[in-house]
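Visitor: Please give me a close look at a single part here, the interface between the chains. I would enjoy one connected tour of it.

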There are 2 protein chains.
Amino acid sequence: MNRLRTAYYPVCSAWAELLRRPQNDSDCGLQQLCSTIFAEVERRGDEALRQYTAEFDKVDLERFEVTEAEFEQAATIVEPALREAILLSKHNIEAFHRLQIPRKCEYVNENGFRCWQEARGLDRVGLYIPGGSAPLFSTVLMLAIPAQLAGCREVVLCTPPGPDGKVNPAILWCARLCGVSQVYKVGGVQAIAAMTVGTETICKVDKLFGPGNRFVTAAKQQALGCGVPIDMPAGPSEIMVVADESASPAFVASDLLSQAEHGQDSQVILVTCVETLPQEVEVELERQLLELPRKAVAEKALAASICVVLHNKQECLDIINSYAPEHLLLSVKDYASWIPDIRHAGSVFLGNYSPESAGDYASGTNHTLPTNGYARVYSGVGVEAFMKRISFQEITQQGLAYLGPAIEVMAEREGLIAHRNAVRKRMEANGNELE
Amino acid sequence: MNRLRTAYYPVCSAWAELLRRPQNDSDCGLQQLCSTIFAEVERRGDEALRQYTAEFDKVDLERFEVTEAEFEQAATIVEPALREAILLSKHNIEAFHRLQIPRKCEYVNENGFRCWQEARGLDRVGLYIPGGSAPLFSTVLMLAIPAQLAGCREVVLCTPPGPDGKVNPAILWCARLCGVSQVYKVGGVQAIAAMTVGTETICKVDKLFGPGNRFVTAAKQQALGCGVPIDMPAGPSEIMVVADESASPAFVASDLLSQAEHGQDSQVILVTCVETLPQEVEVELERQLLELPRKAVAEKALAASICVVLHNKQECLDIINSYAPEHLLLSVKDYASWIPDIRHAGSVFLGNYSPESAGDYASGTNHTLPTNGYARVYSGVGVEAFMKRISFQEITQQGLAYLGPAIEVMAEREGLIAHRNAVRKRMEANGNELE
């Protein structure tokens, strides 16, 4: 039996059903749990954090803030090869994200007025980094570097403690490297609650970022309801690989597997016009699966995956835009000619030597991307997500004389006479009233 | 009795209470109403729209789409003075917003890889424009112009019909002028529901924009819950005027009133270090109130307003950043020196000849701005709100040889072996596998 279910030449109207994502079952019990934890953290502050940390993380903590001594100890543990890798990655992420800092845009009208925008970093942002079996230190880089470039004044990081009450040293090393202000050993719903409502130790933040399991995801939705914005709505990670005859089945299989190992709900899709490719990829999947410690997870994800064989490039483009994949691999020869027609995707990997893991770790792009079709509307995280823009305008007396008549007639037609008068009073003053 | 309650030299710790915004009472009845209308529109489509339009707008409509004949008729009604004003306004809005179109940012690493971002307009956006007593045709400009510059493929506009089954001609004229694809005569919760779930006539959109009363605001929250993003959370409009001895009390009063006439929950705040200013503004308020048709509304808003007298510029800056006003008027002589320290505000108006109404209508800035303290985190609407960014990366074989070791070690330490293998397979292939 094939691992990859293959659909040959499905009609366009059948695509949506073929590529349907798993439904988000809105779990009332989960929402109730979040509400309870938020209320308790709001009412009892650190005490509630201590209780939940004992309950969920099985560790009794007196204080949550990582100390200077702990940072120093972590620095001695992270081995040189990993440090070097992180530094190379940081260099690229920083270089690419620095280009995203918005330029000041100014409109000067020769009649005597000018308007411009200035971007400002958010005051205080909160990053959530999962711990446990997969300590995502790479996500520290992906969130803390743009926060620092944006000029955020305070960057707070929460991550669950291990049973020994400690935080993964690579997480601490990355946090220190990228200017994180404080790291707290708090995880799960209680961490999101603490950053949303504030406690004695942990300050309320202006915006929340970071991945997490379904508990953390539900907690972020709760935070949003409390008026604290979040980076983006979450869903299972996904990849769409589009491959032609220039693609290597071994490479394609390795890309599908690197998505599949994330979790059993990962979405893995192969699209091709080469009828023989699915079988070739299949052989490679079998071979490569054997090498994976997370084989069981990958197998489950593959069982729900699909391969779609289509007639031509246009159909491939249509299915890409209809699915709006988080990750899109274009393993096709003439990929440059595809780019203008790609309207919906989070991050696109071009050619045979751009695996998704390059963007996950080291090439410079961000790996916090819109899933679940949200690539239709949302961007991945970048410097802008840590900033907002303020508009400014400076109008001279001549400038207002030029704009005034238009403002007056429009305000009047909208029935806003005080708006009109704010201009009229100034025009009547005619330069006499003020020096 | 003074209209403006004045607080002299309050201590910093008292500011939050003095400037407290009205609490958003989360109205369960309102949410229930929205849920019902959304469910009905989803189930019965246009038929439900017809029913609600009859019920709420008191008009029976067979079809909702504005016809070509209606657009043509509207064009004959809008008088030349208003057209001219709108064209001048459009010119400035377009010029300023055009500068906001994100440039392509590309990072080229000499070791053989490059990353870049491209911005794409959203496919289909929905604009809501209130009708009735205040037909906000200016908001059509503020939303449709950036949508058009962003390259949105379809711009749908919903606005409630009058009792005669017609739409305000200025709204139609602006819509046509700014490339709106379709205008539908549907208002209120049912309009937001239609654009969220889709009906026979009205397509589901990717994102919702536009102001509205508390019904529309609640409906937009419901849309957000259904996975359709919105421009920003809404709240009553607000102005903070900071004035020194160079300010004209008449101008200041006119600015406070132009905010106050919006609605009785409008927030109006005057901040100054000039002890005598509140009384001078007071006199002008009395005088200018007499000229206003919306006097009763403005009076109610003023009754809840406040004037704060502070010691110095630093305190003024602190209160600005603590309140994060939607509109900030800096009627101070040396305003240029204030700008770098303004961290939280939606739109800032500099000097004596920059009234808020200039930005509301004609100078080029957008008037869709974050209220209710959201200026701490959100930007006003701009071209970016109608776009998203896609990341691209192109890695050569040499590029991957350069990045590969770092990716491998990081993936391994995160326990993601398939991620590592996606690189390893390519490095092992060593150029032999592919041409």
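**Around the axis**

Guide: Let's start at the rotation axis: of the residues of chain B, Pro102(B) comes closest to it, at 4.1 Å (C-alpha). This is a predicted model, in which local features need pLDDT of at least 70 and side-chain atom pairs count only at pLDDT 80 or more, while totals for chains, interfaces and linings use all residues. Residues are numbered from 1 along each chain as its sequence is written, chains are lettered from A and ligands numbered from 1 in the order in which they are written, and side-chain values use heavy atoms, leaving out hydrogens and water.

A turn of 180° with a shift of 0.0 Å along the axis lays chain B on chain A with an RMSD of 0.0 Å (least squares on C-alpha atoms of residues with pLDDT of at least 70 in both copies). The two copies are thus related as by a two-fold rotation axis.

Across the interface, 124 residues of chain B are in contact with 124 residues of chain A (heavy atoms within 4.5 Å). The copies meet through the same surface, because 100% of the interface residues of chain B are also interface residues in chain A. About 11200 Å² is buried between them, with carbon and sulfur atoms giving 58%; this is accessible area (1.4 Å probe) lost on putting the two parts together, summed over both.

Turning to charges, there are 14 salt bridges between chain B and chain A (a Lys or Arg side-chain nitrogen within 4 Å of an Asp or Glu carboxyl oxygen). One of them joins the side chains of Asp255(B) and Arg426(A), at 2.6 Å, N to O.

Finally, strand β12 (residues 347-350) of chain A pairs in the parallel sense with strand β13 (residues 387-395) of chain B over four bridges (strands are DSSP E runs of at least two residues, and pairing takes at least two bridges). There, Leu350(A) has Glu394(B) as its bridge partner in β13(B).
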